[in-house]
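Q: Please give me a close look at one part of this structure, and then connect that part to the rest of it. I am a first-year student, and I would like each term explained when it appears.

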Amino acid sequence: MFELLKAGGWLMIPIVACSVLSLAICLERLWVLRAGRVAPRGLLAQIWSQMQGQALTPDQMRAIKQQSPLGRIMVAGLNNARHGREVMKESILEAASQVIHELERFLNALGTIAAITPLLGLLGTVIGMIKVFTEIMAQGTGNASVLAGGISEALLTTAAGLAVAIPTLIFHRYFQRHVDSLVKEMEQEAVKLVEVVHGEREVDYV
């Protein structure tokens, strides 16, 4: 493996660094964006059963807020429920914008890695071919080993760049879609909370 990296030239260093960073981001996002952690099922029913016609205590509010991002959104709405439906909705939207920003954390970096690693590979290809033609000009076509070294460097960097970019792009698209699904689910739960608090629907305990 080390010999392949060495044969690819100095551009293999940023490509390997991108691969390590991509792997770290993917593992972190897979852990953070678990559906049960972001929007646990039954949270609305849990909150309503704790209320039972009376306001939640500060400790209960704090526990719900720390439980999940959806809990933060719901607590923001409950804190302003007494001011009316519109104020409650505005509070939920403000909290949701912060939560969505956190859910999308590192996704831009992941997209950037997916975009630049093929370009780094292409740059390595260009540099390798420049070396090949430089050697041809200096020594002619008789020294096959020198020519093969330049071509090998060109092909290795291209392959490495694509090997990093393809899975990174797949995970980037997956995380974008997953975040959209989580946001949609939290939006539905927040709407249910507003309607339940203002007596416009019953809580589904199933």
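## A salt bridge and its surroundings

A: E102 and R72 are joined by a salt bridge, in which the closest N and O atoms are 2.8 Å apart; the term stands for a side-chain nitrogen of Lys or Arg within 4 Å of a carboxyl oxygen of Asp or Glu. This pair links distant parts of the chain, since E102 belongs to helix α7 and R72 to helix α6, 30 residues apart. Helices here are DSSP runs of H or I with at least four residues, strands are runs of E with at least two, and both are numbered from the N terminus.

Before going on, please note that this is a predicted model, in which local features need pLDDT of at least 70 and side-chain atom pairs count only at pLDDT 80 or more, while totals for chains, interfaces and linings use all residues. Residues are numbered from 1 along each chain as its sequence is written, and side-chain values use heavy atoms, with hydrogens and water left out.

Both partners of the pair are partly exposed: E102 has a relative accessible area of 41%, and R72 has one of 22%. On this scale, buried means under 20% relative accessible area, exposed means over 50%, and partly exposed lies in between (1.4 Å probe, protein chains only).

By the salt-bridge rule the count comes to four, and two others can be set beside the opening pair. E28 meets R29 with the closest N and O atoms 2.6 Å apart; E28 counts as partly exposed because its relative accessibility is 25%, whereas R29, at 2%, counts as buried. K192 and E189 also meet through their side chains, at 3.5 Å from N to O, and both lie in helix α9, three residues apart, about one turn of the helix. An α-helix has 3.6 residues a turn, so residues three or four places apart point the same way. K192 is partly exposed at 28%, while E189 is buried at 18%.

R29 leads back to the loop between α7 and α8, which is where E104 is placed. E104 is in contact with R29 and V179, leaving aside its neighbours within four places in sequence, where contact means heavy atoms within 4.5 Å. E104 and F175 are 71 residues apart in sequence, and yet their C-alpha atoms are 8.3 Å apart in space. With a relative accessibility of 40%, E104 counts as partly exposed.

R29 is also one of the buried residues of α2, among which are M12, I15, C18 and I25. The 21 residues of α2 should span 30 Å at 1.5 Å a residue, and this agrees with the end C-alpha atoms being 30 Å apart; the expected span is 1.5 Å times one less than the number of residues.

Helix α2 takes part in the surface as well. L23, L27, L30, F171 and Y174 make a nonpolar surface patch of about 470 Å², and the elements giving two or more residues to this patch are α2 (12-32) and α9 (144-197). Patches are made of residues with over 30% relative accessible area and no salt bridge, like charges being joined within 9 Å and nonpolar side chains (Val, Leu, Ile, Met, Phe, Trp, Tyr) within 5 Å. The largest share of the patch, three residues, comes from α2. One of the patch residues, L30, is found in α2 and is partly exposed at 38%.

Turning inward, the largest nonpolar core has 44 residues, of which I47, I73 and M186 touch the most other members. Such a core is a set of buried Ala, Val, Leu, Ile, Met, Phe, Trp, Tyr and Cys residues joined through side-chain atoms within 4.5 Å. Leaving aside neighbours within four places in sequence, I47 is in contact with L56, I64, M74 and L78. I47 is among the buried residues of α4, together with L43, L44, A45 and M51, and just after α4, Q52 takes a positive phi of about 45°.

For the chain as a whole, there are nine helices and zero strands, and buried residues make up 35% of its 206 residues. Among contacts with a separation of 6 or more, 77% join residues 24 or more positions apart.

Methods: Areas by Shrake-Rupley, 256 points an atom, 1.4 Å probe, with all protein chains shown as cover.
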